[in-house]
Amino acid sequence: MIIPVPASRPYDVLIERGSLAHAGELIRPVLGDRRLGILTDDTVDALYGEKLVSALAEAGYDAVKFTIPHGEESKNPENLFAFLSFLAEHHLTRTDALVALGGGVVGDLCGLAAALYLRGVEFVQIPTTLLAAVDSSVGGKTAVDIPAGKNLVGAFWQPSLVICDPDTLLTLPEDTFRDGCAEVIKYGVILDGAFFEQLKTPLNAAETIKSCLLDKAIARCVEIKRDVVAEDEFDRGLRGLLNFGHTLGHGIEKESNFTITHGSAVAKGSVIAAKLAVKLGLCDQAVTDGITEILTDYGFDLSCPYSAEALYNAALSDKKRAGGNITLILPEAIGKCILHKMPCEDLLPLLKEVL
């Protein structure tokens, strides 16, 4: 399946089982003949690193590989600059390109490196987690975390190609796969109520991972994100909807020192956002109940171990704050969310009511 993304630099998302084994053949028509710098993490490298290097070599590519430890804590400026130094030491030039093999951490870091190295080189995303496949590998947002907050240092830099091989998801631990499901459910909540209904049978059974149902779910998420990015590539309006559950979710991640994973934090943040929408009179309780029920069915713990004050302070560092206002993504119905701007000081008493 090929899904074109009409961004400022158009590219295709290829969703095909077994595509990792011939990644070089897929890359060559897009990038031509050049050297490649691969970024991956230690977990993915052990599973798929050699397979990718071999696939690239078979297509005539000379590739060098840099590996970081797995986990959100690796998405930091130190690893970014270590990778940039590695590329310089191996004499990659402006006409060469990068390849991200891994989940959201690897993709975000590699994309930012591509935006910065020699003032910009092309890169290819090869997502190996559900979360990266349906969300972070598409759209061109790249970033690293700093102590003040998540994704605060970044750039918009579109990939030249995304190669999604759903077979790589077969090796995901159950909790990592579940993390991606939070993002899949998000797409249903914000823009596609019919898709939300289809997701009520959890996508966490091994037989589902092996079936075309997963491929179709990935494709639908990519299509929704493609449409949003095409209308608002640089996140000045509509694209903000993609952050449903993330403003408070990022705060939960930060407060936990990233011991609560991204998907789990987004699930918690989604329920809190729905509760805020009820308090503000934007939707009825049935919306919150529906979101809570589906996330519970997928196995998420929706309790929040942090106080309203802690989440409020974390939200003040969020990218969606502008001056004295913050924009929350809140549901009016399943399949319809809005951007709700409010004074920052109004958020704390609301949080105290729902937590």
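These legends go with close-up views of a predicted model.

**View 1. Here is the seven-stranded open sheet.**
Reading across, the strands come in the order S1-S2-S9-S6-S5-S3-S4, and the pairing is mixed. The edges are strand S1 (2-5) and strand S4 (63-68), each of which pairs on one side only. Going from strand to neighbouring strand, the average turn is 15°, with direction ignored.

**View 2. This one zooms in on S3 and S5, plus the helices that pack on the sheet.**
Strand S3 (residues 36-41) and strand S5 (residues 97-102) are a parallel pair, joined over five bridges. To find your way in, pick leucine 39: its bridge partner in S5 is alanine 100. Helix H4 (residues 104-116) packs on the sheet and touches S3, S4, S5 and S6. The direction of H4 makes about 170° with that of S5. Helix H2 (residues 42-58) also lies across S3, S4, S5 and strand S6 (122-127). Relative to S3, helix H2 runs at about 155°. As a general reminder when looking at side chains here, those of a regular strand alternate between the two faces of the sheet.

**View 3. Aspartate 145 and its surroundings take centre stage here.**
The residue sits in strand S7 (residues 141-146). Is aspartate 145 buried or exposed? Its relative accessibility is 7%, and the cut-off for buried is under 20%, so aspartate 145 counts as buried. A polar atom of its side chain lies 2.8 Å from the backbone nitrogen of asparagine 151. Setting aside neighbours within four places in sequence, aspartate 145 is in contact with Glu72, Lys75, Asn76, Pro77, Lys150, Asn151 and Phe258.

**View 4. Next up are the nonpolar cores.**
The largest nonpolar core has 72 residues. Which residues have the most contacts inside it? They are Val13, Leu130, Ile218, Leu276, Leu295 and Leu351. Helix H11 (residues 262-279) supplies the largest share of this core, with nine residues. Take leucine 351 as a sample: not counting residues up to four places away in sequence, it touches Leu248, Ile272, Leu276, Ala308, Leu311 and Tyr312. There's also a second, separate core of 23 residues, and Ile68, Val105, Ala114 and Phe123 are among them.

**View 5. H11 and H12 pack against each other in this view.**
The axes of H11 and helix H12 (residues 285-297) are 8 Å apart, and the packing angle is about 170°. Angles over 145 degrees count as roughly antiparallel, and therefore H11 and H12 are roughly antiparallel to each other. On the H11 side, the contact is made by Ala267, Ser270, Val271, Ala274, Lys275 and Val278. H12 brings Gln285, Thr288, Ile291, Thr292 and Leu295 to the contact. While you look at that spacing, recall that an α-helix has 3.6 residues a turn, so residues three or four places apart point the same way.

**View 6. Helix H13 is mostly covered, and this view shows by what.**
Six of the eight residues of H13 (residues 308-315) are buried. They are Ala308, Ala310, Leu311, Tyr312, Ala314 and Ala315. The cover includes helix H10 (246-255), H11, strand S10 (321-322), strand S11 (325-333) and helix H14 (344-354). In the loop between H12 and H13 you'll find serine 307, which counts as partly exposed because its relative accessibility is 36%. If you want a sense of scale, the C-alpha atoms of serine 307 and histidine 91 are separated by 49 Å, and these residues are 216 apart along the chain.

**View 7. Last comes the three-stranded open sheet with its hairpins.**
Its order is S10-S11-S12, with antiparallel pairing. S10 and strand S12 (336-343) are the edge strands, each pairing on one side only. S10 and S11 are linked over two bridges: arginine 321 has isoleucine 326 as its bridge partner, and alanine 322 stands opposite asparagine 325. Their hairpin has two residues between the strands, and glycine 323 takes a positive phi near 60°. S11 and S12 are joined by eight bridges, one of which partners isoleucine 329 with leucine 339. This hairpin has two residues between its strands as well, and glycine 335 in the turn has a positive phi of about 100°.

Definitions and conventions: Residues numbered from 1 in each chain as written. Predicted model: local features only at pLDDT ≥ 70, side-chain atom pairs only at ≥ 80, totals over all residues. Heavy atoms only, no water. Pairing = 2+ DSSP bridges. Helix = DSSP H or I, 4+ residues; strand = E, 2+ residues; numbered from the N terminus. Axes fitted to C-alpha atoms, helices over the stretch in contact; angles between N-to-C directions. Contact = heavy atoms within 4.5 Å. Buried < 20%, exposed > 50% of the residue type's maximum accessible area, 1.4 Å probe, protein only. Polar contact = N/O pair within 3.5 Å; in protein donor to acceptor, adjacent residues only side chain to side chain. Core = buried A, V, L, I, M, F, W, Y, C linked by side-chain atoms within 4.5 Å. Parallel < 35°, antiparallel > 145°, perpendicular 65-115°, else oblique.
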